[in-house]
Amino acid sequence: MINENIRKLAQQAQLAMLYEVTCLNKPGLVDPVDSGSHHDMDIFTFIESSISLGPYFESFVQTGLELKEFPIIETFTLIRKIGLEAETAMFFATKGINTHKGAIFSLAIFLAVCGRLMIWQFPCEFHTLQREIKNMTKDLLTDFETINGSMLEELTWGEQLYVNYGLTGIRGEAQKGYPTIFDKGLPYYQKYQGTLQEQLLDTLLYISLQADDTTLMKRSNDINISEKYQPLICKYFTLGGTKTLAGKNFLKKLNSLFKEKNWSIGGSADLLIVTIFLAKVSNIGWLK
């Protein structure tokens, strides 16, 4: 039974990835009819990636379960190693294209903590899950302590943002217990009234208003891009979002603009994936 539950939990993560990529009309992002501003990938790239990650998602849960009596930092250390293996599998499946690196990082944390708490046996409250995530990631920002400006060309984009601007990106979000998801994205998603496509799209754009999307910063080459981006998304919601013709027409303009400027809100898409994952796990009665 435990193995079945581990598999079921991992499947919710895979489904969350597939839900995100099949959501239509996301400005600048890949969907079934448009590659947005991502010319090197399409929906099939994302499907290949999502399917390749299943065994690693199970390993994240299994690791959390097996080490549940040990200090949580030991779980975190091990899942980061498994995460690198998952990234290798992703790159192999996509022929070198980064589709889900950010999502792997966050889902590894959530899946391992779900395993540690054995949420299928003892249905878990969201605040308990968030508390354990904070415990797991409390020292995460020490990643930045060993880097300096002289190493700039060797650093990841997230590390460069920290050195140059003090921005902590997804590491900071994780260390704080993913408030963008627990406090903003998930409540919005769960209360939303509309079709699943509308729910996914509007939640994505709502999350993008709350998050410091470092992918958007990178693609726009503008650390202050939110000053230009947020008024556009606020206008979309003012027009009625997916519920009105005016909102839908404006969304088409946004997609054209994003493609013209090479913008992508990939960081927000990763947070949407985790939001969907939590909602799906809640729907099967393991989170409340």
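**Exercises: charged pairs and a hidden space**

Lys-228 has a relative accessible area of 51%, so Lys-228 is exposed (buried means under 20%, exposed over 50%, and partly exposed in between, with a 1.4 Å probe and protein chains only). This is a predicted model, in which local features need pLDDT of at least 70 and side-chain atom pairs count only at pLDDT 80 or more, while totals for chains, interfaces and linings use all residues. Residues are numbered from 1 along each chain as its sequence is written, and side-chain values use heavy atoms, leaving out hydrogens and water.

**Exercise 1.** Find the salt-bridge partner of Lys-228, and decide whether that partner is buried or exposed.

*Solution.*
- Step 1: Recall that side chains of opposite charge can pair when their charged atoms come close.
- Step 2: Use the cut-off: a salt bridge has a side-chain nitrogen of Lys or Arg within 4 Å of a carboxyl oxygen of Asp or Glu.
- Step 3: Look at Asp-222, whose closest N and O atoms with Lys-228 are 3.4 Å apart, giving a salt bridge.
- Step 4: Asp-222 has 19% relative accessibility, so Asp-222 counts as buried.

**Exercise 2.** Now try the pair Lys-68 and Glu-69: what is the N to O distance, and how accessible is each residue?

*Solution.*
- Step 1: Their side chains meet in a salt bridge, at 3.2 Å from N to O.
- Step 2: Lys-68 has a relative accessible area of 29%, so Lys-68 is partly exposed.
- Step 3: Glu-69 reaches 65%, so Glu-69 is exposed.
- Step 4: For the wider picture, the model has six salt bridges, and a network of them links Arg-116, Arg-131 and Glu-132.

**Exercise 3.** Describe the largest cavity: its volume, and which helices and residue classes line it.

*Solution.*
- Step 1: Here a cavity is a set of points on a 1 Å grid over the protein atoms alone where a 1.4 Å probe fits but cannot get out, and lining residues have an atom within 4 Å of a point.
- Step 2: There is one cavity of 30 Å³ or more, and the largest cavity holds about 90 Å³ (the space filled by probe spheres set on the points, which are joined across faces, edges and corners).
- Step 3: Its lining includes Ser-208, Leu-216, Tyr-229 and Ile-265.
- Step 4: Helix H11 (214-220) and helix H12 (226-238) each give two or more residues to this lining (helices are DSSP runs of H or I, at least four residues, numbered from the N terminus).
- Step 5: H12 supplies the largest share, three residues.
- Step 6: Sorted by class, the lining has six nonpolar (Ala, Val, Leu, Ile, Met, Phe, Trp, Tyr, Cys, Pro), two charged (Asp, Glu, Lys, Arg) and three polar residues (the others, Gly among them).

Notes
On a 1 Å grid over the protein atoms alone, a cavity is a set of points where a 1.4 Å probe fits but cannot get out, and a pocket is an open set with protein on both sides within 12 Å along at least five of seven lines; lining residues have an atom within 4 Å of a point.
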